[in-house]
Amino acid sequence: MSTNPLVKPIIAENPVTFQVLGICSALAVTTSLSTSLVMSAALIFVLSLSNVTISTIRAHIPNSIRLIVQITIIASLVIIVDLVLQAYLFEISKRLSVFVGLIVTNCIVLGRAEAYAMKNSPWPSLLDGIGNAFGYAWILLLIGSVRELLAAGTLMGHEVFVLVDNGGWFTPLLLMALPPSAFFLLAVLVWIVRTIRPEQAEQEEQV
Amino acid sequence: MPDQKRVNIWRAFLNRPNTDSAKTLGVAFLVALGCSVIVSLTAIYLKPLLDANRLRESAGSLVEIVDALGVPVPQVRLVERTSGEYLSRATSDKAALDPDQDLAGLKEVENTLTAYEVRDGARLTLVILPVRGAGYKSTLHGYLALKADLNTIAALTFYQQDETPGMGARIMEKKWQDLWRDKKTADATGAIQIRVVTGAASGIYEVDGISGATRTGNGVSNLVKFWLGTNGYGPYLARLKQQGDG
């Protein structure tokens, strides 16, 4: 198994399927591929820069205010992303609404700061940040594609399946537009990954 | 050497143990300072783009109202608030409002107002007024369109608000905004009567409230009353009526 911080989080220690973190946003923004894409880009930016910044000053962060310092840095990066989205991608930022702001509370970001950036030098921390963000991103993009395709017959707004309404054959699955479908898809994904890699499954609890 | 000295102070600060309270305060201060500078610079740099996006959204809402009513392009008028006369140039000064006059919760209001007039030849057919005011937990921004008699509502739309989703935020729904069409604003004495009521509306001065959003409804009532009144567009509308434009 790879120990490279860039590769490890893609499948082996994927933040979503293995550590089951960042689920709330994965449910909320995956209604379409375009919102998933923008959310992924936002998280890649925040996670890689927060890891590098925190790792750079890690020797001088007093333990007593450790979490406050980390959250301040993360929140500042999130505000910057939010402003940039509102300036350049106004329509999509309205659809993402509060979820970009909620990256602050995304367990993946603070989790990587605590678990990795506080203990490692900036370069491996950058790789770890990018790796974890991509681990989150590919799952978001996969679920976003499936949901948009089955709920509206489109991908990135382009028609793929011709709808019955437009004289085609495809009847959209309305469930896919609703949050529970993201849960089902995520569960199926975790099942597949853990069937291929049985070592990821939790041990059965001893009674 | 002063430079050498400064470096030494910085070194000494960094070399202090992390449990030291001076270092803790110092690190907290420096992190807060660094973060706030970066966030502020981003906000200042992006401000023109953000403002342009908000303006475009407000203009889009105006275009919608004009499209929905199927009328020609409106003429932009600058109006002196207190006299109701047209102005050729806008002034940026504002007047403070007394709390008992401040129905819309604005605290202060511009002395130059903007109005949009739609004419069929020389005859006035529609006046569109930008309105805003306090709702339950945000400022509501919208447009109020009056028909030629200046006493009948042609449309009321909102384009910006941050009310409770599913409750107050439903003032954005076309279905609710359509309830305002053809309601009368003032009675024979000229007093503004139009308002949002809880429960079912009766009569030409009442609009059905949204259940669970009484305070947003009150906000809408108050802002319409304010902007049609003497501290808002009242003098301007009175002048149009007097001229026989109405």
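**Figure 1. Polar contacts and salt bridges between chain A and chain B.** In this predicted model, five residue pairs, both members at pLDDT 80 or more, are in polar contact between chain A and chain B. A polar contact is a pair of N or O atoms within 3.5 Å; within protein, one must be able to donate a hydrogen and the other to accept it, and residues adjacent in sequence count only if both atoms are side-chain atoms. The number of salt bridges between chain A and chain B is zero, a salt bridge being a side-chain nitrogen of Lys or Arg within 4 Å of a carboxyl oxygen of Asp or Glu. The predictor assigns the complex an ipTM of 0.80 and a pTM of 0.66.

**Figure 2. The side of chain A that touches chain B.** Chain A contributes 20 residues to the contact and chain B 19 residues, where contact means heavy atoms within 4.5 Å. Between them the chains bury about 1,700 Å², of which 73% is on carbon and sulfur atoms; buried area is the accessible area (1.4 Å probe) that two parts lose on being put together, summed over both. Of the area that chain A buries against chain B, 30% comes from A:H60, A:L83 and A:F90, more than from any other three residues. Helices α3 (66-88) and α4 (90-96) of chain A each supply at least two residues of this side, and α3(A) gives the most, with 11 residues.

**Figure 3. The surroundings of B:T185 in chain B.** B:T185 is located in the loop between α3 (174-177) and β9 (195-197) of chain B; helices (H or I, at least four residues) and strands (E, at least two) are DSSP runs, numbered from the N terminus. B:T185 counts as buried because its relative accessibility is 3%, buried meaning under 20% relative accessible area (1.4 Å probe, protein chains only). The side chains of B:T185 and B:N151 are joined by a polar contact of 2.6 Å. Beyond its neighbours within four places in sequence, B:T185 is in contact with residues including B:L146, B:I153, B:Y205 and B:L228.

**Conventions.** Residues are numbered from 1 along each chain as its sequence is written, and chains are lettered from A and ligands numbered from 1 in the order in which they are written. Local features need pLDDT (the predictor's confidence in each residue, from 0 to 100) of at least 70, side-chain atom pairs count only at pLDDT 80 or more, and totals for chains, interfaces and linings use all residues, while side-chain values use heavy atoms, with hydrogens and water left out.

Terms used:
Buried means under 20% relative accessible area, exposed over 50%, partly exposed in between (1.4 Å probe, protein chains only).
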